[in-house]
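Got the viewer open and a hand on the mouse? Here is a walk through the model, one selection at a time.

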Amino acid sequence: MDLVFKALADESRRRLLDRLRADNGQTLNQLCAGLPGMTRQAVSKHLALLEEANLIAAIKRGREKLHYLNPVPIHEIAERWIGKFERSRLDALSQLKKALEARDE
């Protein structure tokens, strides 16, 4: 679980996970295209860390390597840590926060 927290601590890695959540099964080039200012080597390094934490799975297809989001470790964290704190109350607070933020925009 430490690897998952370490992987999620970095904003760039969270952005990669968001990109895979929006469009699963992307190649390294596709992921790089969506992250201007980040080198291919940096994206590769982040992907290796995400794979080590089991947050993504990579499958080779011909000469390409496709990356897929694995949400199971994030779900396990949510179950272990959030489940302890009365999920219904947290959901209500989250909804209230979103409503207030939407009203302010």
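## Start at the α2–α3 loop

Select threonine 27 to begin: you'll find this residue in the loop between α2 and α3. Bear in mind as you click around that this is a predicted model. Is threonine 27 buried or exposed? Its relative accessible area is 10%, so threonine 27 is buried, the cut-off being under 20%. Now show what surrounds it. Setting aside residues up to four places away in sequence, threonine 27 touches Glu64, Lys65, Leu66 and His67.

Step back one residue to glutamine 26. This one also sits in the loop between α2, residues 11-22, and α3, residues 28-33. Glutamine 26 has a relative accessibility of 4%, and therefore counts as buried. Which residues does glutamine 26 touch, once those up to four places away in sequence are left out? Select Arg19, Leu20, Leu31, Lys65, Leu66 and His67, and you have them. Lys65, Leu66 and His67 should ring a bell, as they are among the residues touched by threonine 27.

Before leaving glutamine 26, turn on its side chain and look towards aspartate 23. A polar atom of that side chain lies 2.8 Å from the backbone oxygen of aspartate 23.

## Across to strand β1

Next, pick alanine 58, which belongs to strand β1, residues 56-61. Draw a C-alpha to C-alpha distance from here back to glutamine 26: the two are 9.4 Å apart in space, with their positions 32 residues apart in sequence. What does alanine 58 touch, not counting residues up to four places away in sequence? The list is Glu51, Lys65, Leu66 and His67. So keep Lys65, Leu66 and His67 highlighted: glutamine 26 touches them too, and its own accessibility of 4% is what makes glutamine 26 buried. Alanine 58, by contrast, counts as partly exposed, because its relative accessibility is 23%.

Slide back along the chain to asparagine 54, in the loop between α4, residues 40-52, and β1. Check the backbone here: phi is near 65°, a positive value in a residue other than glycine. With a relative accessible area of 43%, asparagine 54 is partly exposed.

## A stop in helix α1

Now jump to lysine 6, in helix α1, which covers residues 2-8. Leave out the neighbours within four places in sequence, and lysine 6 is in contact with Arg13 and Leu49. Add a distance to leucine 49: C-alpha to C-alpha, lysine 6 and leucine 49 are 8.9 Å apart, though 43 residues separate them in sequence.

## Out along helix α6

Head for arginine 87, found in helix α6, residues 87-104. Beyond its neighbours within four places in sequence, arginine 87 is in contact with Ala78, Glu79 and Ile82. Arginine 87 counts as partly exposed because its relative accessibility is 34%.

Stay in helix α6 and move on to aspartate 91. Its relative accessible area of 42% makes aspartate 91 partly exposed. How far is the C-alpha atom of aspartate 91 from that of glutamate 52? The separation is 31 Å, for two residues 39 apart along the chain.

## Zoom out

Clear the selections and colour by secondary structure. How many helices and strands does the protein chain have? There are six helices and two strands, and reading along the sequence gives α-α-α-α-β-β-α-α.

Rotate the C-alpha trace along its principal axes and you'll see a span of about 50 × 35 × 20 Å. The radius of gyration is 16 Å, whereas a compact globule of 105 residues would come out near 13 Å. Colour by burial next: 28% of the 105 residues count as buried. Threonine 27, your starting point, is one of the buried residues.

Switch to contacts between residues at least 6 apart in sequence. Of these, 50% join residues at least 24 apart.

Finish on the surface. The accessible surface of the chain comes to about 7,600 Å², with 52% belonging to carbon and sulfur atoms. Colour the charges as well: there are 19 positive and 15 negative ones, and their mean positions are 5 Å apart.

Conventions
Residues numbered from 1 in each chain as written. Predicted model: local features only at pLDDT ≥ 70, side-chain atom pairs only at ≥ 80, totals over all residues. Heavy atoms only, no water. Helix = DSSP H or I, 4+ residues; strand = E, 2+ residues; numbered from the N terminus. Buried < 20%, exposed > 50% of the residue type's maximum accessible area, 1.4 Å probe, protein only. Polar contact = N/O pair within 3.5 Å; in protein donor to acceptor, adjacent residues only side chain to side chain. Contact = heavy atoms within 4.5 Å. Rg over C-alpha atoms; globule rule 2.2 N^0.38 Å. Areas by Shrake-Rupley, 256 points an atom, 1.4 Å probe, with all protein chains shown as cover. Lys, Arg positive; Asp, Glu negative; His and termini not counted. Charge placed at Lys NZ, Arg CZ, Asp CG, Glu CD.
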